[in-house]
Amino acid sequence: MSGDITAPRLDFTSEAFFRDPPKAIAALRAQGPVVASRFPLVGDVWITTTHDATAQVLKDSATFTLRKEDGDVAGLRWWMPRYVRTIANNMLTMDEPDHTRLRSIVDEAFRRRAIVAMEPHIRGIADGLANELFAEGSPADLVQRYARILPLAVISELLGLPPADRPRFIAWANAMSSLTSVVGFFRLLFTFRKMRAYLERQLQIARVQGGEGLIAELIQVEREGGQITPDEMVSMVFLLLGAGSETTTHLISGSVYELLKNPGLRDWLEQDWSRAGLAVEEFLRFVSPVQFSKPRYVRHDVEVEGVRLKKGDRVMVMLAAANMDPGVHDQPERLDLERKPNRHMSFGTGIHFCLGHQLARIEAICALQALFKRWPRLGLAVDPSEIHWRKRPGIRMIVQLPVIADGGERRQSREPEQLLAS
């Protein structure tokens, strides 16, 4: 691929990048609307830096495809085991017509479950978790004690997976969060294998015994003639379990972090919780837990915002950059909970627009309201400078978020790890 090889390349896993994305993104955008870069685990790739370039790539699914002409997925490498390829063979890595075939199956299953009607139940789960936040002592890690558990509890219940199995889901999610390099990927192989075996068992149980939840609904769609292979069914449930919880975890923890840093914004929200929906849209834009899309292949020579891409090149859209585009958002570097209109692209656009957008929004609203109603004086247990992000490329995730019930009594000068061990 071509490009200005003399231009500085951004480290998408650095602390500086995750701590202040607007600054890093502005420097990247100054190089152009599409820039040549190198992405961890992927390699040389074009990166979009504007809203319009991002929209063009996502909407033109005929020119920018997730697979090569031979069917290989753009982000997979030759050395990855077959069971990893099976898990990755889901609708997020499908082009047409297979994408529509699989999307219609899960859409049908979702239609049979009224997501909006789940809000009171989700709020009840959030209330219970908020009450138990400090049950094991203070400070508490809001990531592990709250933000991770809520989405996993909701999606596992929605899928119809046994509540007794949730500790293993949490362990798997924590393991997945550690994926920061090729070495980390190899460490995860055993986890991938265990997850696939578990999901295969659950699908077989549902085929024999029936049950409640989306897994049973998917089995019913399969019986009614839905065209889906057993491997595709496994990858579908894997996707729903993982994507249905991981990104929302980091949306919740990132949103809480911003509110704890900005007491005025928290006060504004607590004065009228009907504003929560508006606030969550801004958190989706500003926190941008999903930073990048999956890599895509360029099927023929094409121009994107004046930049020439060649057939065979790979391109990744940077959703976080689209969300920080000053051509679309006034003062994008500022967190404005009253922002209207808000044209964030955190759920993507085009045929791969996020299936779980409605559920994620409801969970985030319920999480914030339950947390701050129960703990109105909640505060960081450490200075914001002591909060760190995982070196996970593509997702912005806080490692630990130690909190105390009364922010006025914050204990300083100790590391988050020390606090959480005390």
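What share of the contacts in the protein chain with a separation of 6 or more comes from residues 24 or more positions apart? I put this first and found 74%. The model I consulted is a predicted one.

**Entry 1. Overall composition**

I looked up the secondary structure and recorded 18 helices and 10 strands for the protein chain. The chain has 422 residues, of which 56% are buried. For the surface I noted an exposed area of about 17700 Å², with carbon and sulfur atoms supplying 52% of it.

**Entry 2. Nonpolar cores**

I turned next to the nonpolar cores. The largest one holds 106 residues, and the members that touch the most others are Leu133, Tyr146, Val256, Leu378 and Leu401. I then asked which element gives this core its largest share. The answer is helix H17, residues 357-374, with 11 residues.

I followed Val256 further. Leaving aside residues up to four places away in sequence, I listed its contacts as Leu142, Leu368, Leu371, Phe372, Leu378 and Leu401. Two of the names on that list, Leu378 and Leu401, are also among the members with the most contacts in the core. I also found a second core, separate from the largest, with 18 residues; Ala55, Leu58, Val307 and Val317 are among them. As general background, I noted that nonpolar side chains in soluble globular proteins tend to be buried together.

**Entry 3. Aromatic pairs**

How many aromatic pairs does a search of the whole structure find? I recorded nine. I examined the pair of Phe17 and Phe18, which is tilted, with 5.2 Å centre to centre and 50 degrees between the planes. Both Phe17 and Phe18 are buried. These two also belong to a cluster linked by ring pairs, together with Phe12, Phe39 and Phe292.

The pair of Tyr257 and Trp389 is edge-to-face, at 5.7 Å centre to centre and 85 degrees between the planes. I checked where each partner lies: Tyr257 is in helix H13 (residues 246-261), and Trp389 is in the loop between strand E9 (379-380) and strand E10 (402-404), so the pair ties together parts that are 132 residues apart in sequence. Are the two rings' residues buried or exposed? Tyr257 has a relative accessibility of 3% and therefore counts as buried, the cut-off being under 20%. Trp389, at 6%, counts as buried as well.

I also looked for a charge over a ring and noted Arg374, which lies over the face of Trp375 at 3.9 Å from the ring centre.

**Entry 4. Strands E1 and E2**

I examined strand E1, residues 34-39. Five of its six residues are buried, so E1 is largely enclosed by the rest of the structure. E1 pairs with strand E2 (residues 43-48) in the antiparallel sense, over six bridges. Within this pairing I located Ala36 opposite Trp46. The two strands form a hairpin with three residues between them, and Leu41 in the turn has a positive phi of about 70 degrees.

**Entry 5. The sheet E4-E10-E9**

I then traced an open sheet of three strands in the order E4-E10-E9, with antiparallel pairing. Which strands stand at its edges? Strand E4 (140-141) and E9 do; each has a single partner strand, so one side of each is left without a neighbour in the sheet. I counted two bridges between E9 and E10, and in this pairing Leu380 stands opposite Val403.

**Entry 6. Cis peptide bonds**

I recorded a cis peptide bond between Ser138 and Pro139, with omega about 5 degrees. Pro139 is in the loop between helix H6 (119-131) and E4. A cis bond also runs from Lys340 to Pro341, where omega is near -10 degrees. I placed Pro341 in the loop between helix H16 (319-323) and H17.

**Entry 7. Positive phi outside glycine**

Finally, I looked up backbone angles. Ser288 has a positive phi, near 40 degrees, and lies in the loop between helix H15 (276-287) and strand E5 (296-298). Ser288 is buried, its relative accessible area being 2%. Glu305 has a phi near 50 degrees, likewise positive, and sits in the loop between strand E6 (302-304) and strand E7 (307-309). With a relative accessibility of 39%, Glu305 counts as partly exposed.

Conventions
Residues are numbered from 1 along each chain as its sequence is written. This is a predicted model: local features need pLDDT of at least 70, side-chain atom pairs count only at pLDDT 80 or more; totals for chains, interfaces and linings use all residues. Side-chain values use heavy atoms; hydrogens and water are left out. A nonpolar core is a set of buried Ala, Val, Leu, Ile, Met, Phe, Trp, Tyr and Cys residues joined through side-chain atoms within 4.5 Å. Buried means under 20% relative accessible area, exposed over 50%, partly exposed in between (1.4 Å probe, protein chains only). Helices (H or I, at least four residues) and strands (E, at least two) are DSSP runs, numbered from the N terminus. Contact means heavy atoms within 4.5 Å. Rings of Phe, Tyr and Trp (its six-membered ring) pair if their centres lie within 6.5 Å; planes under 30 degrees apart count as stacked, over 60 as edge-to-face and the rest as tilted. A charge sits over a ring if NZ of Lys or CZ of Arg is within 6 Å of the ring centre and within 35 degrees of the ring normal. Two strands pair if DSSP finds at least two bridges between them. Accessible areas come from the Shrake-Rupley method with a 1.4 Å probe; for residues, only the protein chains shown count as cover.
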